[in-house]
Amino acid sequence: MTEDVFTALADPTRRSILDLLATHGHGTATSLAAELPVSRPAVIKHLAVLDRAGLVAARRHGREVRFVVQPAPLQATAAWMSRLAAEWDARLAAVKALAEAAEDDGSRE
Amino acid sequence: MDSIEREIVIGAPVERVWDIVTRPEHLGRWFGDAGAERDGDTITMTWKEHGTAELRIVREEPPSTFAYRWDANVGGIGDTLVEFTLAAEGDGTRLRVVESGWESLATSAAEQERLREGNVGGWKHELGDLERYVQSVPV
């Protein structure tokens with residue numbers, strides 16, 4: 001894992017590529033370009049970034065190269081983001097408790 | 001995917017919430033658990049079990065905007081931007097927090113491994129700790 005997963009996911013076209021691969025199970029640079037508003041060479045560059053991030057893998061089928069989603073980095077990243085979101089929810093709840101308690105007794109520290 | 005956005009509505013005036021969010025004596029209660037000290041634009045947070053973290057304040061516009069950079073989430077591989085926005089809503093306050101900057105982080109192989117290991121049970125355990133902590137916050 002050398003390429004940063006977040007860098008790979010920051011681009012909307014790359015997120016669309018992952019969505020399409022997840023929906024169809026697999027895809028080629030040609031099939032992806034047909035469904036996206038970008039050229040086949042651009043799709044190939046995006047697939048290379050996703051590949052370096054470990055988010056897709058290439059499989060040769062006869063004369064074509066099919067790409068599939070590699071879910072592990074996505075799942076790890078999603079779990080990590082969920083955990084951070086939950087931490088912020090807990091912190092905001094603590095701010096609310098402190099602010100409202102202080103408000104109830106009318107005191108200021 | 002490159003930011004976390006959360007918000008909450010609080011039954012207290014904006015000025016009161018501003019104090020809670022920004023002042024060290026309050027930060028040491030809801031954010032850290034062992035105090036906080038401010039020196040210039042830097043607030044040093046202390047946790048009993050996790051050591052310290054520095055919040056480097058980049059925006060401070062009372063009582064609506066407070067932002068800092070820190071690296072406590074992903075120690076050693078970079079920092080993120082945390083922005084609080086406060087807005088009056090009826091008699092209360094809508095408090096919003098946005099944490100961003102992940103796309104600029106270079107996630108190390110070791111960190112990825114840690115994330116994978118934490119994927120199944122680890123973060124649920126930490127979440128449980130956090131919930132107990134919040135319930136124990138003195139009010």
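**Exercises on a predicted two-chain model**

Along its sequence, chain A of this predicted model follows the pattern α-α-α-α-β-β-α. Chain A thus comprises five helices and two strands.

**Exercise 1.** Determine which residues of α4(A) are buried, and how they are arranged about the helix axis.

*Solution.*
Step 1. Locate the helix: α4 of chain A spans residues 40-52, and its 13 residues reach 18 Å from the first C-alpha to the last, close to the 18 Å expected at 1.5 Å a residue.
Step 2. Apply the criterion for burial, namely 20 or more other C-beta atoms within 10 Å of the residue's own. The buried residues of α4(A) are then A:V43, A:H46, A:L47 and A:L50.
Step 3. Viewed down the axis of α4(A), these buried residues fall within an arc of 105°, so they line one face of the helix. The general rule is that an α-helix has 3.6 residues a turn, so residues three or four places apart point the same way.
Step 4. Identify the cover: the elements over these buried residues include α1 (5-9), α2 (12-24), α3 (29-35), β1 (56-61) and β2 (64-69) of chain A.
Step 5. Inspect the end of the helix: just after α4(A), A:G54 adopts a positive phi of about 80°.

**Exercise 2.** Establish which strands of chain B pair with β7(B), and in what sense.

*Solution.*
Step 1. Strand β1(B), residues 3-10, pairs with β7(B), residues 92-100, in the antiparallel sense over eight bridges. Within this pairing, B:I4 has B:E99 as its bridge partner.
Step 2. Strand β6(B), residues 80-89, is joined to β7(B) by nine bridges, and these strands also run antiparallel. Here B:A88 is partnered by B:T93.
Step 3. The hairpin of β6(B) and β7(B) has two residues between the strands, and B:G90 takes a positive phi near 60°.

How values were computed
Residues are numbered from 1 along each chain as its sequence is written. Chains are lettered from A and ligands numbered from 1 in the order in which they are written. This is a predicted model: local features need pLDDT of at least 70, side-chain atom pairs count only at pLDDT 80 or more; totals for chains, interfaces and linings use all residues. Helices (H or I, at least four residues) and strands (E, at least two) are DSSP runs, numbered from the N terminus. The expected span of a helix is 1.5 Å times one less than its number of residues. A residue is buried if 20 or more other C-beta atoms lie within 10 Å of its own, exposed if 12 or fewer, and partly exposed in between; C-beta atoms are placed from the backbone. The arc is that of the directions from the helix axis to the C-beta atoms. Two residues are in contact if their C-beta atoms, placed from the backbone, lie within 7 Å. Two strands pair if DSSP finds at least two bridges between them.
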